[in-house]
Amino acid sequence: MMLEIYLVMTVAASAVSQETEEHVSYTCTEGYEYDPIKEVCKDIDECALVSDTCKGGMKCINHYGGYLCLPQNAQIFITNGDESSQRTDPIPQPPLNPLNPTNPQTPQTRTQSNHRGVVAGASQCLPGFTLDEQNYCQDVDECSQGLHTCNADQICYNTRGSYTCQCHPGYQKHGEQCVDVNECDLTQPCQHQCFNLLGSYICQCDQGYELAPNSVSCVDIDECAFSSYMCQYVCINSPGGYSCICPEGYQLQRTRMCQDINECDTGHECREDEMCWNYYGGHRCYPKNPCQEPYVLTSENRCSCQSAGACRGLPQSIIYKYMSIHSERTVPADIFQIQATNIFPSAHYSFRIKAGNDGGEFFLRRFSSVGAMLVLTKSLEGPQELIVDLEMITQHTAMTYRSSSFLRLTIIVGPYPF
């Protein structure tokens with residue numbers, strides 16, 4: 001049954017005729033405004049003046065002094081007080097009018113509207129509405145009053161004159177039940193990996209990435225910024241990972257360590273009369289015969305004096321040795337051992353640093369009657385080369401014989417601490 005409303009169009013009691021004298025101040029009742037040209041109070045069309053006068057799909061019907069909010073399917077009869085009337089065609093919409101459609105106002109009844117779009121004077125309201133103390137039809141909140149039929153897994157939302165049952169976020173209706181939505185298949189929200197959960201989902205990133213603050217995008221992890229020990233030399237960050245590089249003279253061992261390249265084995269530029277000596281980070285070429293007069297080469301790296309007269313006051317022999325150490329080596333450190341090779345029962349041996357220790361970098365510690373240990377006492381920065389002369393003095397107490405020999409140690413300090 002459609003709702004039929006009869007509107008009686010009457011002129012406002014305060015409307016003035018055109019014969020009213022000029023220069024008179026006029027005041028119109030609510031719902032009218034004064035027309036200075038026609039000098040009358042004219043009706044205000046609230047429906048045209050306010051775009052959202054009526055809510056909930058109701059249509060606005062203007063009448064003298066006010067307006068009505070009625071359902072779209074209401075049949076409107078406009079009359080000037082006589083029996084002739086004009087009927088407007090209804091627009092089919094779900095009924096939202098709070099008035100009882102079985103109790104329409106008669107043409108002889110003058111209607112009065114309020115600003116909420118609810119007609120007063122109704123004895124009953126439509127389902128979903130209830131009369132208040134002012135005899136107005138007010139919406140019933142079925143959700144808060146427990147008057148709904150939503151399932152336990154649904155959310156009740158109040159609407160004007162009714163309510164609706166909706167599923168929780170992450171669920172969708174399947175018949176009368178709410179079932180989980182697989183967001184991973186539906187929208188693919190994650191940048192990398194998506195794992196569906198009941199009512200939600202979680203994103204995970206590939207190795208080398210971490211979740212951004214939005215919990216959806218993935219950003220690269222700068223592993224090199226974590227620690228200076230990620231690589232032994234230099235760490236290079238890359239999308240999703242990192243790589244280590246080594247300096248010249250080294251090659252990468254496994255993933256992060258640097259191993260010295262032995263150029264003497266892999267290729268060098270030393271001449272035939274030179275020997276190649278590899279050190280940490282490089283190599284050098286030294287003469288195969290380092291002997292100078294009056295010394296002659298008697299064995300590898302050993303120079304001996306063959307003339308007692310020519311070698312008076314000089315060491316009996318000079319042995320050339322080479323060694324490599326890392327830069328910034330922890331001190332104190334035992335780095336080289338010197339020991340007598342020919343031991344005589346009645347001989348006494350003593351050791352000292354003859355040259356090459358002007359900065360006090362070394363100390364000679366005796367550990368036996370025929371041997372001593374060269375100790376590094378100061379950390380050395382590479383690359384640099386140091387030459388230290390270690391002297392061994394042999395004394396024969398019974399024969400009153402004294403001789404000395406040198407061990408000329410060339411120490412090459414590499415450019416890096418590895």
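What share of the contacts in the chain with a separation of 6 or more comes from residues 24 or more positions apart? In this predicted model, the answer is 40%. The chain has 418 residues, and 36% of them are buried. As for secondary structure, strands come to 32 and helices to 4. The chain exposes about 25300 Å², with 50% of that area supplied by carbon and sulfur atoms.

A good place to start looking is an open sheet of 6 strands, where the pairing is mixed. Read across the sheet, the strands come in the order β24-β25-β26-β32-β31-β28. The two ends of that row are β24, covering 295-299, and β28, covering 347-355; each of these edge strands pairs on one side only. Going from one strand to the next, the twist averages 30 degrees.

At the β24 end, the neighbour is β25, made of residues 302-305. The two strands run antiparallel and are joined by 4 bridges. One pair to pick out here is Val296 with its bridge partner in β25, Ser304.

At the other end of the row, β28 is paired with β31 in the antiparallel sense, this time over 8 bridges. Ile353 can serve as a landmark, since it stands opposite Leu390 of β31. On from there, β31 also pairs with β32, which spans residues 401-413. This pairing is antiparallel too, and it runs over 13 bridges. Within it, Thr394 has Ser403 of β32 as its bridge partner. β31 and β32 form a hairpin with 4 residues between the strands, and there Thr400 takes a positive phi near 45 degrees.

Asp389 sits in this part of the sheet, in strand β31, which covers residues 384-396. Is Asp389 buried or exposed? Its relative accessibility is 8%, so Asp389 counts as buried, the limit being under 20%. Leaving aside residues up to four places away in sequence, Asp389 touches Arg352, Ile353, Lys354 and Ala355, along with Phe406, Leu407 and Arg408. Ile353, met above as the residue opposite Leu390, is thus one of the residues that Asp389 touches. As a rule for regular strands, side chains alternate between the two faces of the sheet.

A second open sheet is made of 3 strands in the order β27-β30-β29, and its pairing is antiparallel. Its edge strands are β27 (333-339) and β29 (362-368), each of which pairs on one side only. On average, and with direction ignored, neighbouring strands of this sheet are turned by 30 degrees against each other. β29 is joined in the antiparallel sense to β30, residues 371-376, over 6 bridges. Here Phe363 can be followed across to β30, where its bridge partner is Val375.

Elsewhere in the chain, the surface carries a nonpolar patch formed by Phe195, Leu197 and Ile202. Together these residues have about 250 Å² of accessible area. Phe195 belongs to strand β14, which runs over residues 193-197. With a relative accessible area of 37%, Phe195 is partly exposed, because that value lies between the 20% limit for buried and the 50% limit for exposed.

Conventions
Residues numbered from 1 in each chain as written. Predicted model: local features only at pLDDT ≥ 70, side-chain atom pairs only at ≥ 80, totals over all residues. Heavy atoms only, no water. Pairing = 2+ DSSP bridges. Axes fitted to C-alpha atoms, helices over the stretch in contact; angles between N-to-C directions. Buried < 20%, exposed > 50% of the residue type's maximum accessible area, 1.4 Å probe, protein only. Contact = heavy atoms within 4.5 Å. Patch = residues over 30% accessible without salt bridge, like charges linked within 9 Å, V, L, I, M, F, W, Y side chains within 5 Å. Areas by Shrake-Rupley, 256 points an atom, 1.4 Å probe, with all protein chains shown as cover. Salt bridge = Lys/Arg side-chain N within 4 Å of Asp/Glu carboxyl O.
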